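Visitor: Hi, could you walk me through this one? I'd like to ask things as they come to mind.
Guide: Happy to, let's bring it up.

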Amino acid sequence: MAAVGGGGLQGYIVRRLLLAVPVLFGVSLLVFAVMHLAPGDPAAIMLGAQATREDVARLHRELGLDRPLPVQYARWLGRVLQGDLGRSIPLGREVLPEVLTRFKATLILTGGALLVAVAIGVPAGIVSATRQYSWLDRLSMAIAVTGVSLPVFWTGIMLIIVFALTLRWLPSAGMYAPYGGGDFADLVWHLVLPAVTLGTASAAALARMTRSSVLEIVRQDFVRSARAKGLAERAVVGRHVLKNAVNPVVTVLGIQVGTLLGGAILTETVFSWPGLGSMMVRAIQARDYPLVQGGVLLIATTFVCVNLLVDLLYAVFDPRIRYE
Amino acid sequence: MRIRRLAGLALLAVALTLVAGADAAPPKDAMVIGLLAEPVTMDPPQITDLNSARITKRIFEGLVAQEVGSYKLVPGLASSWDISKDGLTYTFKLRQGVKFHDGTAFNAEAVRFCFERQLNDKSPFYATGTYPYVKSFLGNVAGVEVIDPYTLQIKLKAQLAPFLQYLAHQSLFVYSPEALKKWGKDVVKHPVGTGPFKLETWEPGVKVVLARNDQYWGGAPKIRQAIYVPIIEAQARLAAIKTGEIDLTMDVPPDSLDGLRKDPNVVVAESNSSAAWYIALNTRHPVLKDRRVRQALNYAVNKDAIIRDILKGTAIVSHGPLSPVYGPYHEENVQKYPYDLEKARALLKEAGHAGGFELTFLVPESGSGMQSPVEMATVIQANLAAVGVRAKIQTLEWGAYLKKYLEGPDMAEMSWNPSIGDPDHMMYMLLSSDRFPPAFNAGFYQNDKVDDLLRKGRTTTDEKARVPLYREAQKAIVEDAPWIFVDHGKQVIVHRKRVQGFKLHPNFDLVLTQVWLQ
């Protein structure tokens with residue numbers, strides 16, 4: 001990442017974005033293939049038992065599903081290049097505004113989950129590392145392994161049963177209250193359970209990475225020097241260790257954004273969060289090809305951008321890294 | 001330390017929002033309904049799913065309506081109608097002075113416009129949507145004519161008894177032509193009808209708010225607003241109804257029903273529905289083509305245990321394709337298949353399969369109206385094993401399942417709750433030989449006598465003459481056992497005590513016109 005030729009930071013960013021084009025093309029081809037090779041027919045799913053042969057055939061013709069697959073893909077790609085993601089089959093609505101609206105909700109959830117992950121994961125990792133092999137270390141790592149292993153839909157339903165059904169502290173579904181509400185406080189109130197559900201697994205992954213990363217730095221000479229010159233342990237860890245341990249943690253954080261976007265699909269379904277994930281589940285079940293393809297394209301683009309951002313952040317945290 | 005102070009402040013803020021949020025109480029004149037999913041579309045002829053229908057049927061109306069709580073037809077936007085002697089010409093007198101929510105007038109021209117949009121693929125408005133049921137519901141229409149502003153004539157190509165019921169189906173509901181011209185394809189999110197409620201807001205994935213139509217011709221509804229929120233997860237619906245966050249919902253976990261019945265704050269409303277849950281048997285299969293074998297399978301399955309232990313009493317045993325909801329059309333006096341292993345074994349032996357045989361058993365993971373498909377399949381598999389029939393379960397996701405279902409599986413689960421309140425829509429659609437796949441007679445059931453009765457049934461407009469046709473057909477079908485008849489699911493709606501006057505409808509609709517809040 002350090003030596004990528006001339007052009008400075010801007011040139012680097014442009015090159016990285018250009019490299020994203022074949023990636024996105026590959027993703028779109030893959031999603032198209034998987035969706036169309038999976039058995040199922042949007043017309044049959046829509047019509048159900050009332051279907052007549054004529055109505056199924058007519059729907060196929062009007063949706064362009066009677067054409068060969070390569071032709072369908074080429075037509076879709078051609079329109080995408082002009083900025084038209086088409087219309088959802090059952091919804092009849094344009095895909096682009098639809099996925100963008102939903103994506104906002106997903107970003108809020110992912111952001112909340114990331115906050116939970118960092119707030120729990122990083123301190124837990126530091127404590128574990130600085131008190132290696134203490135009971136606190138063992139406990140937090142045990143919790144971390146459990147956190148990574150629990151499926152989000154299970155965690156989600158358990159949290160609903162405890163905090164919504166039994167204790168009645170928090171709402172069980174949605175992003176805003178059905179009446180009144182609609183403000184920031186209402187949003188936070190609804191965000192707590194889904195964000196904790198989604199953030200737990202990432203917190204665990206983050207804790208483990210922070211722990212090993214800090215452990216590696218703590219053993220280095222400059223830390224010993226810092227201690228030798230009489231700095232308080234808090235200052236040693238805070239000022240010297242963390243600064244140097246942060247890069248691998250940022251890498252994991254970047255990867256976790258991808259995991260969170262994926263995990264959001266289940267979390268959103270459990271909590272009826274109006275994001276891209278819950279929409280995608282329905283779209284896949286309905287074989288709503290345009291909506292699924294549009295949604296995946298948006299997620300893939302986000303992932304590419306986050307990866308780029310992570311690479312750029314390295315330079316911020318580590319002055320030795322320069323993009324030239 | 002500064003960080004600590006900030007963290008403390010943040011915690012305080014979170015605590016405050018929690019307290020503030022917990023205070024939100026439902027308004028006195030607005031009702032919140034938790035649906036399984038948000039609506040797909042609000043354009044009547046494009047609707048194929050129950051959630052969309054449950055909302056849009058409040059906004060739009062048809063010429064003919066169903067009485068609340070039954071399939072009995074009553075006047076809707078047409079105040080009366082007349083059917084010609086040959087059964088081919090329907091003349092409707094329309095209500096006068098009715099206005100669409102956008103202020104434009106409802107009249108015969110508007111009705112013609114709505115039908116024309118679907119029927120005439122050369123009309124400029126045809127391309128504003130796809131019409132999944134146009135052939136099913138309008139395929140038999142020869143012409144629609146405006147006689148005068150409030151008289152409309154529809155001519156049919158052939159006699160079709162369920163036609164009036166079709167007019168009570170949302171795909172033939174009437175919407176404002178001006179709204180369609182204004183919105184084009186985007187009419188899917190801008191519904192303008194004549195109904196008791198009109199759309200106030202629709203935030204995708206969040207909520208749909210309907211407001212009372214004070215000018216409604218049938219008298220304004222009592223509640224000011226109906227708010228629909230999608231709650232996908234059953235546990236979350238349960239939590240929301242118990243805490244009073246929502247006023248009405250459905251499909252809560254069956255295990256929770258006992259507790260809910262004892263809860264003083266909620267009412268569990270139950271009624272029989274027109275749904276049928278069955279296993280289609282492939283009548284062309286080398287072993288299953290023998291009627292005795294299919295009867296044996298019916299005897300072998302313990303329906304009572306399934307309803308008691310898996311469905312927790314939310315269904316009744318099925319004795320044929322039509323549930324008792326169909327009133328006079330339902331035939332009680334059919335051959336019965338109680339749980340009887342001896343009889344099953346005897347029939348198998350008689351058919352030369354005493355040693356048993358093997359079948360592939362197609363099962364969906366989930367699906368509309370499928371109840372608990374996997375658990376039920378497991379019990380049925382064990383039941384069949386007791387008489388030597390080895391059913392190999394193959395589980396598929398719903399979309400993939402539907403495709404496989406229509407490719408002639410040995411035996412496959414299916415459930416249907418017709419949106420049309422006519423026996424034709426259950427029996428002809430699922431059991432006539434005119435309806436082999438890709439239509440829904442997936443077991444290729446064919447009995448000439450039944451075919452004849454069902455064809456006669458759909459072309460006889462005199463109800464008195466129709467009833468015996470369907471009753472006779474049911475007897476023949478049940479004796480032929482083209483399905484394993486399992487259960488008719490009940491509708492179970494849970495609502496808060498403050499909701500008054502709510503009535504269940506056999507096709508799972510949620511009618512709100514007569515509802516008030518205490």
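**A helix across a sheet**

Guide: In chain B, helix H3 (residues 108-119) lies across E5, E6 and E7, and runs at about 160° to E6(B). Keep in mind that this is a predicted model.

Visitor: Which strands form that open sheet in chain B, and in what order?
Guide: Four strands, in the order E4-E5-E7-E6, with antiparallel pairing. The edges are strand E4 (78-83) and strand E6 (141-148) of chain B, each of which pairs on one side only. On average, neighbouring strands of this sheet are turned by 20° against each other, direction ignored.

Visitor: And how many bridges are there between E5 and E7 of chain B?
Guide: Five, linking strand E5 (residues 89-94) to strand E7 (residues 151-156) of chain B in the antiparallel sense. To find the register, B:Thr89 has B:Lys155 of E7(B) as its bridge partner, and B:Lys93 stands opposite B:Thr151.

Visitor: What joins E6(B) to E7(B)?
Guide: A hairpin, through two residues. E6(B) and E7(B) run antiparallel and are joined by six bridges. One pair to look for is B:Val146 with its bridge partner B:Leu152 in E7(B).

Visitor: Switching strands: is E10 of chain B enclosed or in the open?
Guide: Strand E10 (residues 225-230) of chain B is largely enclosed by the rest of the structure, because five of its six residues are buried.

Visitor: Which way does E1(B) run against E10(B), parallel or antiparallel?
Guide: Parallel: six bridges join strand E1 (residues 30-35) of chain B to E10(B). Strand E9 (residues 207-212) of chain B also pairs with E10(B), in the antiparallel sense and over four bridges. B:Ala226 is a handy residue to click on here, as B:Met31 stands opposite B:Ala226, and B:Ala226 is the bridge partner of B:Leu210 as well.

Visitor: Any helix packing in chain B I should look at?
Guide: Try helix H10 (residues 303-310) and helix H12 (residues 373-385) of chain B, whose axes come within 11 Å and cross at roughly 145°. The crossing of H10(B) past H12(B) is right-handed.

Visitor: Which residues make that contact?
Guide: From H10(B) they are B:Ala305, B:Ile306 and B:Ile310, and from H12(B) they are B:Glu375, B:Met376 and B:Val379. By class, this contact of H10(B) with H12(B) has five nonpolar residues, no polar ones and one charged.

Visitor: OK, over to chain A. How many helices and strands does it have?
Guide: Chain A has 12 helices and zero strands. The C-alpha atoms of chain A fill a box of roughly 85 × 60 × 35 Å along the principal axes.

Visitor: What share of chain A is buried?
Guide: Of its 324 residues, 42% count as buried. As for contacts in chain A between residues at least 6 apart in sequence, 72% join residues at least 24 apart.

Visitor: Why does H9 of chain A lie largely in the open?
Guide: The number of buried residues in helix H9 (residues 221-228) of chain A is zero out of eight, so the helix lies largely in the open. Just after H9(A), you'll find A:Gly230 with a positive phi of about 95°.

Visitor: Where do the two chains meet, and how many residues does each give?
Guide: The contact takes 60 residues from chain A and 59 residues from chain B. On the chain A side, H3(A) gives the largest share, eight residues. That side of chain A divides into 34 nonpolar, 14 polar and 12 charged residues.

Visitor: Last one: which residues have the most contacts inside the largest nonpolar core?
Guide: They are A:Leu206, B:Ile33 and B:Tyr278, in a core of 226 residues. Helix H10 (residues 233-271) of chain A gives the most to this core, with 16 residues.

Visitor: What does A:Leu206 touch?
Guide: Leaving out residues up to four places away in sequence, A:Leu206 touches A:Ala117, A:Val118, A:Gly121, A:Val122, A:Gly125, A:Val249, A:Val252, A:Leu253 and A:Gln256.

Note on methods
Residues are numbered from 1 along each chain as its sequence is written. Chains are lettered from A and ligands numbered from 1 in the order in which they are written. This is a predicted model: local features need pLDDT of at least 70, side-chain atom pairs count only at pLDDT 80 or more; totals for chains, interfaces and linings use all residues. A nonpolar core is a set of buried Ala, Val, Leu, Ile, Met, Phe, Trp, Tyr and Cys residues joined through C-beta atoms within 7 Å. A residue is buried if 20 or more other C-beta atoms lie within 10 Å of its own, exposed if 12 or fewer, and partly exposed in between; C-beta atoms are placed from the backbone. Two residues are in contact if their C-beta atoms, placed from the backbone, lie within 7 Å. Ala, Val, Leu, Ile, Met, Phe, Trp, Tyr, Cys and Pro count as nonpolar, Asp, Glu, Lys and Arg as charged, and the others, Gly among them, as polar. Axes are lines fitted to C-alpha atoms, for helices over the stretch in contact, and angles run from 0 to 180 degrees between N-to-C directions. A crossing is left-handed if the near helix is turned anticlockwise from the far one by less than a right angle, and right-handed if clockwise. Two strands pair if DSSP finds at least two bridges between them.
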